[in-house]
Amino acid sequence: MKLAVLARRACGALQVLALILLLLAADPPKQSTSPLTFYRNVVPILQEHCQTCHRAGEIAPFSLVTYKESKPWAQAIKKATQAREMPPWFADPRFGKWADDPSLTAEQIATLAAWAERGAVAGDPLDAPAPKQWSADWNIPTPDVVVRMPKPVSIPAHGEIDYTYEIVHTGFTTDRWAQMSQIRPSSPEYVHHAVVYIRPPDSTWLRGAPIGVPFTGNDLSDPVQRRNAHWTTSDMLLVYAPGSSPDKWQDGMAKFIPAGSDLVFQMHYTTNGHAGSDQTAVGMVFAKSAVSQRVLTLQLTNSSFLIPPHADNFQVEVHGTLPNDAMLLNFFPHMHLRGKRFEYNIVHEDGKVETLLRVNYNFHWQLSYRLAEPRLLKKGTKLQAVAWFDNSDKNPHNPDPDAMVKWGDQTRDEMMVGFFDVAVPAGMDKAHFFQRSAEKPR
């Protein structure tokens with residue numbers, strides 16, 4: 001009796017299974033046939049990863065804001081993103097995690113490729129997210145203060161240009177804390193790099209130099225001032241190079257500008273066959289809440305090297321020891337056309353080298369690399385910066401593989417500078433940070 005019941009149940013189950021299979025064969029599940037479209041699938045990626053540079057007035061050569069602007073570049077977008085050439089990012093993924101990494105996911109790359117392959121369809125504009133609101137002319141919120149070089153700098157069509165300075169009184173009658181800042185050249189096509197220094201009222205650097213007009217070190221009559229024009233202990237507000245990001249510090253952190261300070265614009269211009277002019281400005285957003293940590297820009301620099309002709313992997317390094325505790329925030333390596341790779345390391349007491357950042361260097365996109373999580377470095381931490389140069393004819397950017405190359409201002413020369421930003425107590429300036437106490441490292 002029990003066997004008969006079980007047999008009937010098994011038979012019924014088989015009949016149900018057969019019916020399900022029959023229904024599936026007759027009417028298979030419907031798969032989504034919605035096409036990939038610009039408005040639904042592509043523009044969100046462009047807003048998040050591309051439009052910082054690819055919009056009117058920015059460094060990229062074309063805009064990717066509208067469908068009309070983007071469609072002609074569909075195949076180029078596919079090619080550049082599949083090769084991971086865009087968005088530009090050169091940090092070796094084996095080392096560090098970065099807050100400002102714009103890299104696309106594999107899924108996003110596949111979406112852009114499929115959109116291009118399927119005809120770069122527009123789709124329904126109602127599917128698009130709201131347009132991203134960019135502050136006019138800035139990649140930071142609308143600045144509280146914009147300080148502009150009072151007089152434009154005339155740039156010839158040809159030849160080399162010495163570092164050009166312009167000193168500007170801020171007119172600040174109270175101390176200011178700049179939480180965000182951005183350097184904005186009016187003609188970025190001429191700007192190799194720019195540095196804006198904070199010159200406090202008690203600094204002797206470039207005292208006696210003209211105010212509000214451009215000059216070079218060679219224009220100074222004082223031989224000491226002329227010799228020291230390039231070197232200063234003044235803190236940097238920030239550094240600009242093609243592709244670099246504005247400074248945006250988290251709440252409680254900022255750059256300090258004492259009352260009565262000047263801003264010193266140090267501009268390195270290069271000619272491009274067309275005469276023009278530039279009038280660079282810096283915009284600042286001041287902290288709206290109490291600041292407990294002052295951000296200082298430090299650097300590891302080696303200016304005493306000779307790169308032999310045809311050397312394709314020439315190594316230069318420099319070491320330094322932190323004189324006080326500091327919170328490590330950000331890196332900005334700087335080299336010229338022979339720059340190949342740059343690395344920041346910690347050398348531990350046992351000799352072990354810990355790599356913090358390794359960059360496959362690109363002179364035309366000089367990026368900053370901001371730690372996803374700031375790292376406390378204790379007093380006595382040994383830092384190392386290592387750079388590799390390619391002075392061979394295999395380097396397509398090399399101006400002269402036959403040259404013996406040394407440190408110099410011009411692009412045909414080389415530099416080896418590892419800028420990095422740290423946070424220290426708000427009351428500590430750079431001079432006090434470098435005062436080493438007798439206390440042993442903890």
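This passage walks through a pocket, some aromatic rings and a few strands of a predicted model.

A pocket makes a handy starting point. Rolling a probe the size of a water molecule over the atoms shows where empty space is left. The second largest pocket found in this model comes out at about 720 Å³. Its lining takes in 39 residues, and those lying nearest the centre are Trp-231, Met-236, Gln-299, Val-417 and Phe-419. Sorted by class, the lining of this pocket breaks down into 21 nonpolar, 13 polar and five charged residues. Where do these residues come from? Strand β13 (293-301) gives the largest share of the lining, with four residues. At least two residues each come from several elements, including β5 (191-199), β7 (235-240), β22 (417-425) and α7 (430-433).

Next come the aromatic rings. The structure holds 18 aromatic pairs. A pair of aromatic rings is described by the distance of the centres and the angle of the planes. Take Phe-38 and Tyr-39: their ring centres are 5.2 Å apart and their planes meet at 80 degrees, which is over 60, so this pair counts as edge-to-face. Phe-38 itself has just 1% relative accessibility, so this residue counts as buried. Tyr-165 and Phe-215 show another arrangement. Here the centres are 5.6 Å apart and the planes sit at 20 degrees, so the pair is stacked. This pair also ties together distant parts of the chain, with Tyr-165 in strand β3 (residues 164-169) and Phe-215 in strand β6 (residues 215-216), 50 residues apart. Are the two partners buried or exposed? Tyr-165 has a relative accessible area of 1% and is therefore buried. Phe-215, at 3%, is buried because its value is under 20%.

The Tyr-165 and Phe-215 story carries on in the backbone. Strands β3 and β6 run antiparallel and are joined by two bridges, and Phe-215 is the bridge partner of Tyr-165 in β6. So what do β3 and β6 belong to? They are part of an open sheet of five strands with antiparallel pairing, in the order β6-β3-β10-β5-β7. The edges of this sheet are β6 and β7, each of which pairs on one side only. Strands β5 and β7 turn up twice in this account, since both also supply at least two residues to the lining of the second largest pocket.

Other rings join up in a bigger group or meet a charge. Trp-89, Trp-98, Phe-331, Phe-342, Tyr-344 and Tyr-369 are linked by ring pairs into a cluster. Elsewhere, Arg-341 lies over the face of Trp-388, at 4.1 Å from the ring centre. Arg-370 does much the same with Trp-249: its charged end sits over the ring, 4.6 Å from the centre.

Finally, there is strand β12 (residues 281-286). How many of its residues are buried? Six of its six are, so to speak, under cover. In a regular strand the side chains alternate between the two faces of the sheet. In β12, Ala-281, Gly-283 and Val-285 point one way, while Val-282, Met-284 and Phe-286 point the other way, and all are buried. Strand β12 also has antiparallel neighbours. Four bridges join it to strand β1 (residues 145-148), where Val-146 has Gly-283 as its bridge partner. Strand β4 (residues 176-184) is joined to β12 by six bridges, and Ser-181 is matched there with Met-284.

Key: Residues are numbered from 1 along each chain as its sequence is written. This is a predicted model: local features need pLDDT of at least 70, side-chain atom pairs count only at pLDDT 80 or more; totals for chains, interfaces and linings use all residues. Side-chain values use heavy atoms; hydrogens and water are left out. On a 1 Å grid over the protein atoms alone, a cavity is a set of points where a 1.4 Å probe fits but cannot get out, and a pocket is an open set with protein on both sides within 12 Å along at least five of seven lines; lining residues have an atom within 4 Å of a point. Grid points are joined across faces, edges and corners, and a volume is the space filled by probe spheres set on the points. Ala, Val, Leu, Ile, Met, Phe, Trp, Tyr, Cys and Pro count as nonpolar, Asp, Glu, Lys and Arg as charged, and the others, Gly among them, as polar. Rings of Phe, Tyr and Trp (its six-membered ring) pair if their centres lie within 6.5 Å; planes under 30 degrees apart count as stacked, over 60 as edge-to-face and the rest as tilted. Buried means under 20% relative accessible area, exposed over 50%, partly exposed in between (1.4 Å probe, protein chains only). A charge sits over a ring if NZ of Lys or CZ of Arg is within 6 Å of the ring centre and within 35 degrees of the ring normal. Two strands pair if DSSP finds at least two bridges between them.
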